[in-house]
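Colleague: I should like to understand the terms used for this structure. May I ask how each one is justified?

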Amino acid sequence: MPVLQVDGGDLFGRRNKNERHQSEFLCKICGTFGIDAIGLGEQDLNFGLAFLEQMIEEHGLPFTNANVKSLGTGALILPEYLVVERGGITFGIVSVMDPAQKIITMASGGEEFEVLEPVAVLREVVPRMRDKVDTVILLGHLGDALTDQVIKEVQGIDISVTGHTYRNITTERVLDDTIMLSSAYEGRYIGKADLFIDETNGKIMAVSTKVTGLDDTIPDDPEILAKVEEYKVSLTEFKEARRSAYPRIYGSKEEDFIGDRSCKSCHEDVWQAYAKSGHMQAYNSLRVQGQHFEPDCLVCHTTGFQYENGYADDAPYNRLINVQCEACHGYGTQHARDGKWAAQAKDSCVICHDQENSPEFDYASYWDRIKH
Ligand code: HEC
Ligand code: HEC
Ligand code: HEC
Ligand code: HEC
């Protein structure tokens, strides 16, 4: 039976170098699946347009999108729609994304994109497609609510596959003559729609849909599994290489960071001042940007990063998130009361407040904001 394979987008991982490495692997594997069309998700631009173009080129990925333009060139960044012939039927596949989803790239050079209104774009594109194809498929990277709205406002879409959704449509759903399907997340489910087509006029007569969870009851493909295992090793090496750019070269194994909670028990007033400061939010600032596994950022947004017994991604060292007391004062096991211990913390600021990350830094005014 002829099969048409489509993907609703957001193939790429979050904006950090580890996930970029993983995305390269994912693209390589997806390139072997024979996918016919992939709608663009905002995540697919996480590493910049040049990276997306490189993946498309290297792995033959059929990305398509009709509403994202480069502000630099004013042109669409991907083919407006794709035409695929399967089983004697020509399918036109068009994809749009939600303008409300922000595209933020990790690429240097600050690329900017314009995301056009989906309804207006589709009202113009779909009729042109209908002249050339039998069946129009929308890969709406729009989430559930906006997809429904678009389908109600645009005529001529036969099948809609919703991307950017966590919902699995397990039952058949038809909205204004359009067959509604959705693609779920992390490749956990695979949706299948059997279309019964009238051979005399190419029209869809009936459809039956099914969503299958790709759980343990479905055996892994040995060939793909081997590639995944091989990749995991290379990913570990990659991470280690990046971490090893920040070796633990300071401090001593004999000393320990005891953690801000321990200081709280004796220094309640100081702790209250610290809890209100940005230093206690430093790790969260990374998490918000998906950068909390980046050694390049952790070095200043955690405690004791390059020190023996300092911050690491794994327990027990991962309790040393944020710029804690000991980031400035040093190992708690060296706690002294001769007055020098507090004073030496004054020299700590500029290790992190350097020209690049804190150009406005000035000891007096900055201390004033966190004083205790
Ligand atoms: C281990 C690195 C590190 C050290 C050491 C450090 N800072 Fe910071 N500081 C940061 C980071 C990271 C932020 C941003 C926090 C965030 O994510 O909001 C910050 C933010 C701040 C802010 C703005 C947030 C606020 O609460 O007003 C002030 C002021 C500040 N630091 C003062 C200082 C002073 C003064 C020193 C030295 C006594 C110092 N810092 C030492 C990393 C450091
Ligand atoms: C050399 C130390 C250093 C490195 C490396 C560093 N930061 Fe920071 N970061 C700081 C300091 C210091 C501040 C506070 C600047 C200020 O307020 O003057 C800050 C502030 C921030 C803020 C603003 C917090 C807020 O809401 O005010 C964000 C977000 C941030 N950093 C993210 C990152 C990311 C992401 C990386 C890695 C790509 C990174 N930082 C690497 C030291 C660093
Ligand atoms: C951003 C760096 C930084 C952080 C974080 C920090 N301190 Fe300090 N702390 C200093 C500096 C610098 C001084 C010395 C100020 C001076 O002598 O003018 C100081 C002074 C002190 C003093 C002496 C105060 C006095 O009256 O002489 C105590 C106690 C103290 N800190 C405890 C803590 C505790 C507990 C925490 C965590 C809850 C903490 N500090 C977090 C930088 C920091
Ligand atoms: C068991 C109680 C206790 C704990 C826990 C404790 N302190 Fe103290 N700390 C004291 C006492 C008592 C003093 C001396 C009186 C004062 O300055 O408040 C002191 C003084 C200090 C000073 C000034 C020292 C100097 O002479 O320069 C700093 C800085 C300090 N503590 C930081 C910390 C930090 C950071 C932690 C957690 C890593 C911590 N303390 C944990 C009891 C404690």
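**Terms and their grounds**

Modeller: To begin with the surroundings of ligand 2 in this predicted model, the shell has six nonpolar, seven polar and two charged residues.

Colleague: Which residues come nearest to ligand 2?

Modeller: Of the 15 residues around ligand 2, the nearest are C297, C300, H301, S358 and Y366. Helix 8 (282–288) and helix 9 (295–301) are the elements that give two or more residues to this shell. Helix 9 supplies the largest share, five residues.

Colleague: What makes H301 a donor to the iron atom of ligand 2?

Modeller: The NE2 atom of H301 is 2.2 Å away from the iron, and the cut-off for a donor to a metal such as this is 2.8 Å. The distance lies within the cut-off, so H301 counts as a donor. H301 is the single donor from the protein, and its place is in helix 9.

Colleague: How do you know that Y366 makes a polar contact with ligand 2?

Modeller: A polar side-chain atom of Y366 lies 2.6 Å from an oxygen atom of ligand 2. A polar contact requires a pair of N or O atoms within 3.5 Å, and the pair at Y366 therefore qualifies. Two further pairs involve nitrogen atoms of ligand 2: the side chain of H301 has a polar atom at 3.0 Å, and that of N357 has one at 3.3 Å. Both values also fall within 3.5 Å, so these are polar contacts as well.

Colleague: Which residues and elements surround ligand 3?

Modeller: There are 18 residues around ligand 3, of which H279, C325, C328, H329 and H372 come nearest. Two or more residues each come from helix 7 (268–276), helix 10 (325–329) and helix 13 (363–370). By class, this shell holds 12 nonpolar, five polar and one charged residues.

Colleague: What makes the pairs at H329 and H372 polar contacts?

Modeller: An N or O atom in the side chain of H329 is 2.8 Å from a nitrogen atom of ligand 3. For H372, a polar side-chain atom likewise lies 2.8 Å from a nitrogen atom of ligand 3. With the limit at 3.5 Å, both pairs therefore count.

Colleague: Which residues are closest to ligand 1?

Modeller: Ligand 1 is surrounded by 19 residues, the closest being H279, S285, C349, C352 and H353. H279 was also listed among the residues that come nearest to ligand 3. The classes in the shell of ligand 1 are 10 nonpolar, eight polar and one charged.

Colleague: Where are the polar contacts of ligand 1?

Modeller: A backbone N or O atom of G278 lies 2.6 Å from an oxygen atom of ligand 1. The side chain of S285 also has a polar atom 2.6 Å from an oxygen atom of this ligand, while a polar side-chain atom of H279 is 2.7 Å from a nitrogen atom. The elements that give two or more residues to the shell are helix 8, helix 9, helix 12 (349–352) and helix 13. Helix 13 provides the largest share, four residues.

Colleague: Why is E19 called buried?

Modeller: Its relative accessible area is 17%, and buried means under 20%. E19 is therefore buried. This residue is in helix 1 and, leaving out residues up to four places away in sequence, touches G13, R14 and F47.

Colleague: What is the largest nonpolar core made of?

Modeller: That core has 22 residues, and F12, L40, L45, L52, F63, V68 and I77 have the most contacts inside it. Helix 1 (17–30), helix 2 (49–59) and strand 7 (113–115) each give two or more residues to this core. Helix 2 gives the most, with four.

Colleague: With which residues is V68 in contact?

Modeller: Beyond its neighbours within four places in sequence, the contacts of V68 include L40, L45, I77, M97 and F113. Apart from this core lies another, of 21 residues, among them V119, L138, V154 and L175.

Colleague: Which residues of helix 4 are buried, and what covers them?

Modeller: In helix 4 (residues 143–153), the buried residues are G143, L146, T147, D148, V150 and I151. Their cover includes helix 3 (118–130), strand 8 (135–141) and strand 11 (178–182).

Methods
Residues numbered from 1 in each chain as written. Chains lettered and ligands numbered in written order. Predicted model: local features only at pLDDT ≥ 70, side-chain atom pairs only at ≥ 80, totals over all residues. Heavy atoms only, no water. Core = buried A, V, L, I, M, F, W, Y, C linked by side-chain atoms within 4.5 Å. Buried < 20%, exposed > 50% of the residue type's maximum accessible area, 1.4 Å probe, protein only. Contact = heavy atoms within 4.5 Å. Near = heavy atom within 4 Å. Polar contact = N/O pair within 3.5 Å; in protein donor to acceptor, adjacent residues only side chain to side chain. Nonpolar A, V, L, I, M, F, W, Y, C, P; charged D, E, K, R; others polar. Donors = N, O, S within 2.8 Å, 3.2 Å for Na, K, Ca; no water.
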